[in-house]
Amino acid sequence: MAVRPEDGTIPSFEEARHLVEERAVQLLPGQTESVDLLGAAARILAEPVLADRDIPPFPRSTRDGYALRAEDLERLPATLDVIAEVRAGQNPEEIPSQMTRGQAASIMTGAPVPMGADAVVMVEYTTRQGDRVEVTRGASIGENIVPTGAEARQGALLLTVGTRLNDAAIALAASVGKSQLKVYRRPRVAVLTTGDEIVAIDRAPGPTQIRNSNSYSLAAQIQQAGGEPTVLPIAPDEPQRLRQLIEEGLQSDLLILTGGVSMGRYDLVEQVLADLRAEFFFTGAKIQPGRPVVFGRVPCGADTPVRQKPAAYFFGLPGNPVSTMVTFELFARPMLEALAGMSPRKLAFLHARLKSEIRVKTGLKRFLPAVLSGEFENSEVELVAWQGSGDIAATARANCYIVVPPDRERIAAGEWVAVMMR
Ligand code: AMP
Ligand code: MG
C-alpha cells in the first residue's frame with residue numbers, strides 16, 4: 001500500500017504541473033537524424049533554418065493590376081501609358097529597368113514590381129484602352145507591394161531548434177530549399193501496466209478479469225506526442241516480478257506505469273520504486289480523474305538499475321482508464337515533449353459556453369469528458385453521461401474535457417467554461 005502525504009501537502013493541479021515543467025526544462029534531448037522534408041511533419045527540429053536569400057527576393061506585387069507611381073494619381077481619373085506587362089516569373093531582362101512619371105506596367109500577382117513604380121492599383125479600378133489605362137482610384141506609396149526582404153532578410157533565423165514542424169514550418173523550410181531537415185530522434189518510452197486482474201487482449205478474459213486497454217491508449221498518446229512506445233509485459237501485483245519489469249522500463253528514456261498507485265493493499269508500485277531509491281516529486285495531485293498520480297525519478301547509482309544516464313524519470317498513472325488518459329495529457333506529455341527536443345509550451349485551454357448545468361464537490365480540479373458542438377462562433381459544450389473514471393465508452397464519445405475549477409460547486413448553463421481538446 002502506498003505511503004501518502006497529508007492532504008494539505010498534496011499539490012494543486014497547477015503546482016504539480018509546474019513541478020513537471022521544472023524538470024522538463026532541465027532535460028537534454030537525444031540524438032538527431034536527417035529526414036526528407038516530406039517525412040519531417042510533426043517531428044522536432046534539431047537545426048536552425050535560415051533564409052538563404054531575402055524573402056521576398058524582389059518587391060512583390062500582391063495584386064493583379066497596374067504598377068505605377070502613386071504621385072500620378074493625385075488627380076482622378078488619371079490616364080497613364082502602359083509600357084510593359086510583367087508576369088510572375090518574368091525574365092528579368094524583359095522588366096522595365098526604370099519607370100517614370102505618367103507610366104504604368106500591367107502586373108500580375110507574385111510578379112516583381114519594376115524599379116521606379118511605388119504602388120500597384122488593382123485591375124478592378126482601371127479601364128484599359130489600347131496602350132493606355134485609366135485609373136479611377138488613388139494609391140498610397142507601397143500599396144499592394146511587399147518590399148524585398150520585408151518578410152525576412154538573407155541569413156535571418158526562420159525556425160529555431162525545438163520547433164515542432166507544423167504545416168507552416170514545413171512550408172517555410174521548403175521555401176528556403178531545405179529538402180532534408182535534421183530532427184531529434186524519438187524518445188523511447190516504456191509502458192508498464194500493473195494489476196493481477198489485467199489480461200492481454202489476445203487472451204480470453206475470465207469472468208473477473210479486465211483486458212489491458214491502458215497500454216494501448218498510452219502507446220497511442222506517446223506516438224502522438226512524438227515518442228516511441230515499448231509495451232512491456234503486464235506486471236502482476238507481486239513485488240519481485242514488478243521490480244524486474246520496472247528495472248527494465250527504467251532503461252528507456254521515460255517509464256510510464258499504470259495502476260497500483262492508489263491506496264489499496266496491492267498497490268505496490270510506489271513501494272518498489274522507493275526500494276530502488278526513487279525520489280518522488282509528487283505523490284497525488286488535487287485533480288479528478290487521476291488523483292493518485294505519481295511523478296519521480298530513480299537516480300543513477302550502484303544499487304539502482306540506472307547506469308547510462310544521470311537519472312531515469314517515471315510517472316505512475318492511476319489505472320482507471322480515463323485517469324490514465326487524462327494524467328498522461330496533463331503531466332507525462334510535457335516531459336515526453338522535452339525529451340523529444342521540443343521547446344516548452346504552456347498548457348492553455350479554450351473556452352466555450354456550457355450547455356447544461358454542472359454540479360460537483362469542491363476541492364479538486366476536474367477534467368470531465370465532454371462534447372463540444374455547434375459551429376462557427378456558437379460552440380457549446382456539455383458533459384457526457386459517464387460512470388466515473390473507468391468509463392472508456394463514455395470517454396470515446398467525448399471530444400474534449402471540461403475543466404472545472406476546484407472552488408466551483410455549480411456552474412450554470414450559459415456560463416463560459418475552460419475546455420481541453422483531446
Ligand atoms: P488501480 O489503479 O490499479 O487501482 O486500478 C484502478 C482500476 O483501473 C481498476 O478497476 C483496474 O482494473 C483498472 N485498470 C488498471 N489497469 C488497467 C489496464 N491496463 N487496462 C484497463 N483497466 C485497467
Ligand atoms: Mg491495480
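How does the lining of the largest pocket divide by class, into how many nonpolar, polar and charged residues? In this predicted model, that lining holds eight nonpolar, three polar and 10 charged residues. Below is a friendly tour of the largest pocket, the second largest pocket and the site of ligand 1.

**The largest pocket**
- The space in the largest pocket comes to about 540 Å³.
- Its lining is made up of 21 residues, and those nearest the pocket centre are L28, P29, G30, D253 and L339.

**The second largest pocket**
- Here the volume is about 450 Å³.
- Of the 21 residues that line the second largest pocket, E329, R333, M420, M421 and R422 lie nearest its centre.
- Two helices and a strand, α3 (214–224), α6 (321–339) and β28 (416–421), each contribute at least two lining residues, and α6 gives the most, with five.
- Domain 1 (13–30 + 185–339) and domain 4 (350–421) each provide at least three residues of this lining.
- Sorted by class, the lining of the second largest pocket has 11 nonpolar, three polar and seven charged residues.

**Around ligand 1**
- Ligand 1 is surrounded by 16 residues, with T193, E197, N212, G260 and G319 the closest.
- The shell consists of four nonpolar, nine polar and three charged residues.
- In the side chain of T193, an N or O atom sits 2.8 Å from a nitrogen atom of ligand 1.
- Two glycines use their backbone: an N or O atom of G260 is 2.9 Å from an oxygen atom of ligand 1, and one of G319 is 2.8 Å from an oxygen atom of ligand 1.
- Of the 480 Å² of accessible area that ligand 1 has on its own, the protein covers 79%.

Methods:
Residues are numbered from 1 along each chain as its sequence is written. Chains are lettered from A and ligands numbered from 1 in the order in which they are written. This is a predicted model: local features need pLDDT of at least 70, side-chain atom pairs count only at pLDDT 80 or more; totals for chains, interfaces and linings use all residues. Side-chain values use heavy atoms; hydrogens and water are left out. A residue is near a molecule or strand if one of its heavy atoms lies within 4 Å of it. A polar contact is a pair of N or O atoms within 3.5 Å; within protein, one must be able to donate a hydrogen and the other to accept it, and residues adjacent in sequence count only if both atoms are side-chain atoms. Accessible areas come from the Shrake-Rupley method with a 1.4 Å probe; for residues, only the protein chains shown count as cover. Ala, Val, Leu, Ile, Met, Phe, Trp, Tyr, Cys and Pro count as nonpolar, Asp, Glu, Lys and Arg as charged, and the others, Gly among them, as polar. On a 1 Å grid over the protein atoms alone, a cavity is a set of points where a 1.4 Å probe fits but cannot get out, and a pocket is an open set with protein on both sides within 12 Å along at least five of seven lines; lining residues have an atom within 4 Å of a point. Grid points are joined across faces, edges and corners, and a volume is the space filled by probe spheres set on the points. Helices (H or I, at least four residues) and strands (E, at least two) are DSSP runs, numbered from the N terminus. Domain bounds come from an automatic or database domain assignment.
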